[in-house]
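Hi everyone, thanks for making time this morning. I'd like to walk you through one structure, so let me put it up on the screen.

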Amino acid sequence: MPRNTFAKTFIRSENGTIAVLWGMALVVFLALAAFTYDIGRLGITQSELQSFADNVALAAAGELDGNSDSITRAEGAAAALIVDRQSF
């Protein structure tokens with residue numbers, strides 16, 4: 001088979017076309033799955049951070065009783081909770 005004829009036959013051949021389409025679809029599917037996982041982790045992280053901020057605010061608010069040193073105690077309670085890495 002002459003070289004020129006082989007090249008024309010190879011270019012016009014449609015064998016294996018479905019494999020290329022399946023390969024492209026697989027790449028898109030895997031990218032979509034990875035994106036879904038990332039969005040889920042983002043939501044979980046946001047929820048954990050919101051819970052932590054709520055707990056710090058509640059700890060500080062629990063110290064606000066109207067006494068003259070209540071703001072100092074509230075700041076101390078918030079700082080103690082933020083420094084405590086075992087809570088979250």
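Let's begin with the surface: about 7600 Å² of this protein is exposed, and carbon and sulfur atoms supply 66% of that area. Please keep in mind that what you see is a predicted model. How much of the protein is buried? Buried residues make up 8% of the 88 residues.

Now for the overall layout. There are three helices and zero strands, and from the N terminus on the order is simply α-α-α. The radius of gyration is 31 Å, well over the 12 Å that the globule rule gives for 88 residues, so the protein is more spread out than a compact globule. You can see that in the C-alpha trace too, which spans about 100 × 20 × 20 Å along its principal axes.

For those of you who think about charge, there are 6 positive and 9 negative charges in the protein, and their mean positions lie 33 Å apart.

Let's move on to helix 2, which covers residues 17–61. I've picked out a few residues there. Y37 is one of them. Is Y37 buried or exposed? Y37 counts as exposed because its relative accessible area is 57%, where over 50% is the cut-off. Between the C-alpha atoms of Y37 and K8 there are 45 Å, with the two residues 29 apart along the chain.

V27 also has its place in helix 2. With a relative accessible area of 56%, V27 is exposed. If you look from V27 to L81, 54 residues away along the chain, the C-alpha atoms are separated by 45 Å.

A60 is in helix 2 as well, but here the picture changes. A relative accessible area of 16% puts A60 under the 20% cut-off, so A60 is buried. And how far is A60 from A78? Their C-alpha atoms are separated by 5.3 Å, although the two residues are 18 apart along the chain.

A78 takes us to helix 3, where S70, A74, A77, A78 and L81 are buried. These five cover an arc of only 95° around the axis, so they sit on the same side of helix 3. Why can residues spread along a helix end up facing one way? An α-helix has 3.6 residues a turn, so residues three or four places apart point the same way. Over on the other side of helix 3, T72, E75, I82 and V83 are exposed.

One last check on helix 3, residues 70–83. At 1.5 Å a residue, its 14 residues should span 20 Å, and the end C-alpha atoms are indeed 20 Å apart, so the two values agree.

To wrap up, remember the spread-out, three-helix layout, and the buried side of helix 3. Thanks for listening!

How values were computed:
Residues numbered from 1 in each chain as written. Predicted model: local features only at pLDDT ≥ 70, side-chain atom pairs only at ≥ 80, totals over all residues. Heavy atoms only, no water. Helix = DSSP H or I, 4+ residues; strand = E, 2+ residues; numbered from the N terminus. Rg over C-alpha atoms; globule rule 2.2 N^0.38 Å. Buried < 20%, exposed > 50% of the residue type's maximum accessible area, 1.4 Å probe, protein only. Areas by Shrake-Rupley, 256 points an atom, 1.4 Å probe, with all protein chains shown as cover. Lys, Arg positive; Asp, Glu negative; His and termini not counted. Charge placed at Lys NZ, Arg CZ, Asp CG, Glu CD. Expected span 1.5 Å × (residues − 1). Arc of directions from axis to C-beta.
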